[in-house]
Amino acid sequence: MARPSTEAEYLARMVPSSAAGVSRRSVLRGALGAGALLAAPPLLASCSSSSPSGSSGGGTAPATGTVSLGSNQSDATPKAAVQSVMDAFQKANSGLTVKINTIDHNSFQENINNYLQGAPDDTFTWFSGYRMRFFAAKDLAGDISDVWGNISGMSDALKKASTGDDGKQYFVPSTYYPWAIFYRKSVWAEKGYKPPKTLDELKTLGAKMQQDQLIPIAFADKDGWPAMGTFDQLNLRINGYDFHVSLMAGKEDWSGDKVKKVFDTWKGLLPIHQTDSLGRTWQEAAQALQQKKAGMYLLGAFVAQQFTKGAEQDDLDFFTFPEVDSTIGTDAIEAPIDGYMMSKRPKNEDGAKKLLAYLGSSDAQNIAVKADPSVIATNDKADQSGYTALQKKSAEFVKSAKSIAQFLDRDTRPDFASTVMIPALQSFIKTPDDIDGLVKNIQQQKLSIFTS
Amino acid sequence: MTITNARTAAPSSGDRAGKRRRYRGIDQLGGLDRLVIILMVVVPTLLLIWLVWFPAVGSVILSFTNWDGIGPLSSIKFIGLKNYVDVVTIYPPFWPAVQHNLIWLAVYFLVATPLGIFFAVLLDREIRGTRIYQTAIYLPVVLSLALVGFIWQLIYSKDQGLINGLTGSTIDWYGDPRFNLWAALVAATWKQTGYVMLLYLAGLKGVDPSLREAAKVDGANERQTFFRVVFPVMAPINIIVLVITVIESLRAFDLVWVINKGRNGLELIATLVTQNVVGEASRIGFGSALATFMLIISTVLIAVYLRIVMREQR
C-alpha cells in the first residue's frame with residue numbers, strides 16, 4: 001500500500017486488516033486451510049509467499065499514521081511494559097499511533113514463518129542471534145541500517161548482534177537478561193549457604209540442601225527449552241564459548257568426547273535436580289524457589305516475574321554457574337537479547353523506522369526496564385539509578401563477562417533446536433544412562449539437517 | 001484433525017459422484033435438470049480435487065524435498081527418499097509414535113466403541129431418566145478435545161488434582177511417561193464413548209420393532225435378539241462406527257497437544273507432523289514424509305475395510 005494521498009484513504013487504512021475485506025491471499029489461505037491435510041501448511045506458505053503486494057515509498061515527509069507492532073510479549077508483566085513504552089512513543093510523536101497486536105508467546109513463535117510471509121505487522125518483536133539472521137537471509141526482514149545511524153549508546157557488540165550475514169542491520173536490541181543460578185538471600189542467610197565456586201562445591205551444597213529438606217536445584221522441562229539452558233551452561237564451562245559457537249553452527253561432532261562430557265557431568269548433577277521435571281513448567285519450578293521449597297534455580301533472570309515486585313524480588317540473588325574446568329573459567333555467560341525488527345514491506349515504513357529508533361533509545365528502555373524489572377536495558381545511556389538490586393547486579397554481570405552467548409535455540413538452526421534437541425534432552429532427562437546412543441543419534445540427525 | 005476428515009471425504013464423495021454419473025446415463029432428463037446434475041457433480045468434484053487431492057498429492061511430492069517453507073516453489077530441491085530413510089532410522093520419536101497410535105486404536109476399538117454400543121443399547125430400553133443419562137454421556141462430545149484435556153488436568157494434576165488429592169499418591173499423571181498415555185486415553189475414551197453411543201442410539205431407533213417382536217415370538221432372549229437380529233440389521237451403522245473408530249484414533253491430536261505438545265511419552269504421528277511442519281522448525285519436507293506415513297496407514301486400513309464391506313454387500 002502506498003502512502004495515503006487522501007483523507008479517505010488514510011481513514012481506510014485505520015480499519016484492521018481482518019475487517020477490511022478479503023484479499024486474494026486470505027481467500028486462498030482460508031480455502032486451503034478449510035479442507036487441508038496436515039501437510040497444507042507448505043502449500044499454504046507457498047501461496048502466501050508469492051509476491052507480496054505494495055511497498056512503502058519511504059518519502060521524506062515526517063512520519064504519520066499508524067504503525068502496527070506484532071508483539072509476542074503476552075505475559076502480563078512484559079505486555080504492560082510494551083504498552084507503556086508505546087504510550088510514551090505516541091506522546092512524543094503526536095502524528096503517529098501504534099497498534100499493538102499481541103499474540104500468545106508460543107503461538108507467535110510457532111507461526112512466525114507464515115506470519116512473516118503473509119501480511120505481517122510493520123514491526124515485530126524478535127530475538128537476536130541465528131534466529132534473526134535466518135529471517136534476514138531469507139529476505140523476510142526489513143533492512144534498518146539507516147535507523148542505526150540515529151541510535152546512540154549501543155555497544156559494538158550489540159550492533160554486531162543486530163547484523164545479518166550480509167553486513168546490514170535488521171534488529172534493534174531492547175532488553176536482555178542473563179542466565180545464572182538464582183536463590184533467595186533470606187533462605188541462604190538462614191542456613192548459612194555460600195555461592196559455590198566450583199562444580200564440587202555445588203555438589204556439596206546440593207547434598208547439604210537435601211539434608212535440610214530442600215530441593216537443591218528446581219528444574220522444569222515440560223516445554224522442552226529450559227533444559228537447553230542447563231546444557232548451554234555446562235557446555236560453556238566445560239568446552240568454552242568458541243566451542244559453543246561452532247557446535248551450534250553444526251561444525252562440531254556431537255558424538256565426540258566433548259559433548260559426551262557435558263552430558264556425563266549433567267548426569268552427575270541430576271540427583272540434586274528436582275525430579276519429575278518433564279511434567280513441570282518453568283513457572284511452577286520458579287514457584288518452588290519462591291515458596292522456599294527449592295534452594296536454587298538455573299534460569300534466565302525472567303524467573304523474577306514469578307516473584308512479587310518489591311521486597312520479594314529484592315530477596316532474589318544469583319551467582320554464575322560454577323567453574324568446571326579451571327582452564328576454561330567462568331567468563332562466558334548467556335544473555336539473550338530481545339528486541340524488535342521491521343517486516344520486509346511495512347505499510348508505514350517511515351513510522352516503523354521512527355518507532356524502531358525510539359525503541360533503541362535510552363528513553364524507551366528506561367520505561368521498559370521499569371515496567372519489567374527482570375530485564376536490563378541494552379542502551380548504555382539508559383538510566384541505571386532506578387534499577388532494582390537485581391537489575392544492577394545483572395548489568396554488572398553482563399558487563400564483566402568476556403563472551404556472551406545467546407541460547408541454544410537462538411544460536412542454532414530452529415529446526416535442529418526444536419525437532420532434534422528438545423526430544424533428545426527430554427529423553428536424556430528420562431533415561432540419563434545411554435549417553436553414547438543419545439549423542440550418536442543427535443550427530444546423525446545433525447548431519448542430516450545441516451547438510452540438506 | 002482436518003487431515004482425516006479430508007481424507008475420508010475422498011472415498012465417500014468420489015463414490016457419490018460416481019453413482020450420480022451412472023444415474024444420469026439411465027435417466028431421461030430435461031435441460032435444466034441435466035445442468036443441475038452436472039453442477040452437482042462438477043462442483044463437489046472440483047472442491048474435492050482442490051481441497052483434498054491437491055494438498056494430499058502436494059504433500060506427498062513435498063515429502064521428497066527438503067523445503068523449509070520459505071521462498072518460491074522453484075527453490076525446492078528434491079532429495080529422493082532421504083526424509084523417509086531418516087524418519088525410520090534416525091528420528092527417535094517416530095517408532096514410539098506409531099506404537100502409541102496403535103495403542104490408541106486398540107483402546108478405542110476394544111474399550112470405547114463396545115462401551116458406547118453398550119450404553120446405547122441400555123438407553124434404547126427407555127429406562128427411567130434416559131434423557132439425563134443420554135445428555136450426561138453425550139456432553140463430553142460437545143466439548144473440544146482441547147477442553148477435555150483441561151478438564152482432566154483438574155483431575156490429574158500432580159499437586160492440585162482430584163486423584164492425588166483423594167488417594168494421596170504423588171504420581172504426575174500427565175508428566176510421567178509411564179502413565180500419561182493411559183491417562184490421556186481415559187480422557188479420550190470418555191469423549192469417544194459418548195460419540196459412539198449417540199451414533200448407535202440413532203441407529204437403534206431406526207430398527208424395525210417388528211423384528212424384535214418376531215424374535216421374541218420365536219423365543220429368543222435379549223442377548224440373542226441383539227446379537228442375532230439387531231446387530232446384523234445395524235450393519236450400515238456398524239460400518240460407520242468402525243470407520244469412525246479408526247479415523248478418530250488416527251486423528252488423535254488435540255488432546256495430547258494440549259497436554260504437552262506430544263512429547264515425553266505422548267508422541268503420536270500427528271503431533272510429530274505438526275512439530276516439524278508448523279512452527280519455526282519448518283521442516284516441511286520431513287514433516288510431509290511423516291504425513292505421508294499417516295496417509296498410507298489410514299488408506300490401507302480404510303481400503304481393507306471398504307473391500308470387506310463391498311464384498312459382503314454384493
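Here are legends for four views of a predicted model.

**View 1. Chain B and its helices.** Let's start with what chain B is built from. Its secondary structure adds up to 14 helices and zero strands. Walk along chain B from the N terminus and you read α-α-α-α-α-α-α-α-α-α-α-α-α-α. Along its principal axes, the C-alpha trace of chain B spans about 75 × 70 × 30 Å.

**View 2. The domains of chain B.** Where do the domains of chain B start and end? The domain assignment puts domain 1 at residues 2-62 and domain 2 at residues 93-313. Taken over C-alpha atoms, the centres of domain 1 of chain B and domain 2 of chain B are 29 Å apart.

**View 3. Burial and contacts in chain B.** Chain B has 314 residues, and 36% of them are buried. Now look at which parts of the sequence meet. Take the contacts in chain B with a separation of 6 or more: 68% of them are between residues 24 or more positions apart.

**View 4. Helix α15 of chain A.** Over in chain A, helix α15 covers residues 282-290. Which of its residues are buried? They are A:Trp282, A:Ala285, A:Ala286, A:Ala288, A:Leu289 and A:Gln290. And what do these buried residues of α15(A) pack against? Their partners in chain A are the strands β5 (179-184), β6 (215-218) and β7 (294-300), along with helix α12 (226-238). After α15(A) comes A:Lys292, a residue with a positive phi, near 65 degrees.

Methods. Residues numbered from 1 in each chain as written. Chains lettered and ligands numbered in written order. Predicted model: local features only at pLDDT ≥ 70, side-chain atom pairs only at ≥ 80, totals over all residues. Helix = DSSP H or I, 4+ residues; strand = E, 2+ residues; numbered from the N terminus. Buried ≥ 20, exposed ≤ 12 C-beta atoms within 10 Å, placed from the backbone. Contact = placed C-beta atoms within 7 Å. Domains from an automatic or database assignment.
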